[in-house]
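Here are some questions about terms used for this structure, each with its answer. Please look at the sequence and the 3D view before reading on.

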Amino acid sequence: MTHPDSPHVAVIGGGICGLAAAHRLARRGTRVTLLESSDQLGGLGTFFAHGDRWIERFYHCVMPSDTSLLALLDELGLRDAVRWRETTMGMVVEGRRHPFNSPLDLLRFSPLRLHDRVRFGVVSLLLRRLGQGRDLDRLRTEDWLRGLYGDVVWERLFAPMFGSKFGTAFGDVPALYLWQRLGRERNVATRGYPDGGYKTIIDALRASIERAGGVVRTSTPVRRLSSTGGRPVLTLTGGEVLDADQVISTVPLPLLRRIADDALATRLPTTDLPYQGVVTGVFFLRQPITEHYWTPVLHSGTEFDGVVAMSALAGPHDGRHLVYVMHYTDRDSQLFLDDDTAIAARWSTQLRGLYPELGADGIEEVRVFKAPFVEPVYPLGYLAARPPVTVDGTGLLLATTAHVYPDVTSWNSSVRLANEVVDAPAGQPVVTAPAG
């Protein structure tokens with residue numbers, strides 16, 4: 001339980017990073033108040049009701065290598081609630097479907113010529129080793145992959161795949177990000193999903209914080225953040241003022257700058273990363289359309305760039321098969337600003353075009369969700385440019401997606417970052433180290 005004389009820490013943001021930080025602090029006896037602006041906790045793990053179940057707005061899975069997340073689930077008594085399945089990858093190119101897992105699949109992969117298929121297989125097998133000892137943080141992804149795989153593979157496969165994730169800057173992203181991602185994800189991979197969905201994790205974290213004496217407040221946006229004499233002051237809706245000995249902010253830096261007063265804003269890191277948002281369509285289908293968990297969609301005339309068959313991992317939902325389709329895009333793009341109903345109608349037509357077996361009645365329901373800050377687009381040399389966790393002389397600590405690089409943005413990297421920030425020595429600048 002928290003001690004009344006212990007320091008008071010306010011955590012801004014109720015996503016997984018903020019929840020994990022508040023959980024860790026409360027368990028140590030620190031007085032903690034978690035502030036979330038929306039009516040739900042979870043960040044990108046928020047959910048909606050469908051029948052008697054809660055469904056994530058954006059798809060998630062647990063990987064066996066997610067050591068920080070799994071350790072947290074252990075503390076919450078939820079590790080055994082994760083159900084593991086072997087999942088596979090498909091590929092849709094020019095409207096044609098292909099399995100993309102085994103050497104035989106690759107040899108039969110007609111979008112590439114035979115010698116390109118062989119080169120793809122050999123390089124992919126050695127890619128992690130080929131990156132060892134190289135300064136991949138200062139090497140463009142396009143330069144690295146085009147040099148290894150050749151022009152055809154880059155232009156046919158990698159350019160549209162990276163373009164869908166990072167937009168027009170896709171070729172400039174440091175190769176280190178891809179190399180790190182390959183350490184977490186593979187075509188054939190064991191993936192996990194918790195019984196009851198990610199809401200069970202969010203609910204367990206809230207219960208843990210409150211059980212230890214912490215306070216969790218939703219629908220409580222921070223309107224202004226200042227620092228006087230090294231002590232942060234938060235102004236909430238209605239003019240309520242909250243004093244704290246320390247603040248941990250998990251919101252993206254562009255949002256933090258909006259709420260910081262002028263004096264504090266000048267002390268914040270000058271890091272100015274562009275962010276990709278995402279538009280996601282959640283489809284409830286009357287029949288399965290693929291056995292593959294993950295299927296990139298390339299050169300196929302669709303606005304969405306991938307299909308995630310969540311039912312391949314989590315099983316059907318009330319006899320319906322759950323499929324996510326998505327497009328990463330700037331939050332000022334026409335698609336992001338478009339009406340959800342119009343997007344649902346277009347994407348339904350496009351999904352039927354890829355999977356004609358759906359027919360006119362195969363789609364029972366579609367929900368569209370958007371998130372403005374999902375994936376930072378990192379510049380070359382970002383390892384040296386990452387902002388420190390501490391903002392000296394302010395009582396403010398930062399735990400944002402600008403700090404997780406080169407780790408892949410995920411619940412695991414967010415939990416790991418929360419642990420490191422909570423452990424940061426007071427008054428010392430801390431920069432997180434990449435995972436080994």
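Q: What makes the pair His292 and Thr88 a polar contact?
A: The side chains of His292 and Thr88 make this contact at 2.8 Å. A polar contact is a pair of N or O atoms within 3.5 Å, where within protein one must be able to donate a hydrogen and the other to accept it, and residues adjacent in sequence count only if both atoms are side-chain atoms. The value of 2.8 Å therefore fits the limit of 3.5 Å. This is a predicted model, in which local features need pLDDT of at least 70 and side-chain atom pairs count only at pLDDT 80 or more, while totals for chains, interfaces and linings use all residues. Residues are numbered from 1 along each chain as its sequence is written, and side-chain values use heavy atoms, with hydrogens and water left out.

Q: Why does the side chain of His292 also count as making a polar contact with the side chain of Glu291?
A: The distance is 3.4 Å, between side chain and side chain, so the pair meets both the limit and the side-chain condition for adjacent residues.

Q: Why is His292 called buried?
A: Buried means under 20% relative accessible area, exposed means over 50%, and partly exposed lies in between (1.4 Å probe, protein chains only). His292 has 9%, so the word buried applies. Its place is in the loop between strand S14 (275-285) and strand S15 (294-298); strands (E, at least two residues) and helices (H or I, at least four) are DSSP runs, numbered from the N terminus.

Q: How do you know that Cys17 is in no disulfide?
A: A disulfide is a pair of cysteine sulfur atoms within 2.5 Å. The sulfur of Cys17 is 19 Å from the closest cysteine sulfur, in Cys61, so the two are too far apart for a bond. Cys61 is likewise in no disulfide, and the structure holds zero of them.

Q: Why are Cys17 and Cys61 called buried?
A: Cys17 has a relative accessible area of 8% and Cys61 one of 16%, so each falls under the 20% limit.

Q: What makes S15 and S16 a pair of strands?
A: Two strands pair if DSSP finds at least two bridges between them. S15 and S16 have three, in the antiparallel sense, so the condition is met. One of the bridges joins Trp294 to Val308 in S16.

Q: Which residues is Ala344 in contact with, leaving aside neighbours within four places in sequence?
A: They are Val366 and Val368, where contact means heavy atoms within 4.5 Å.
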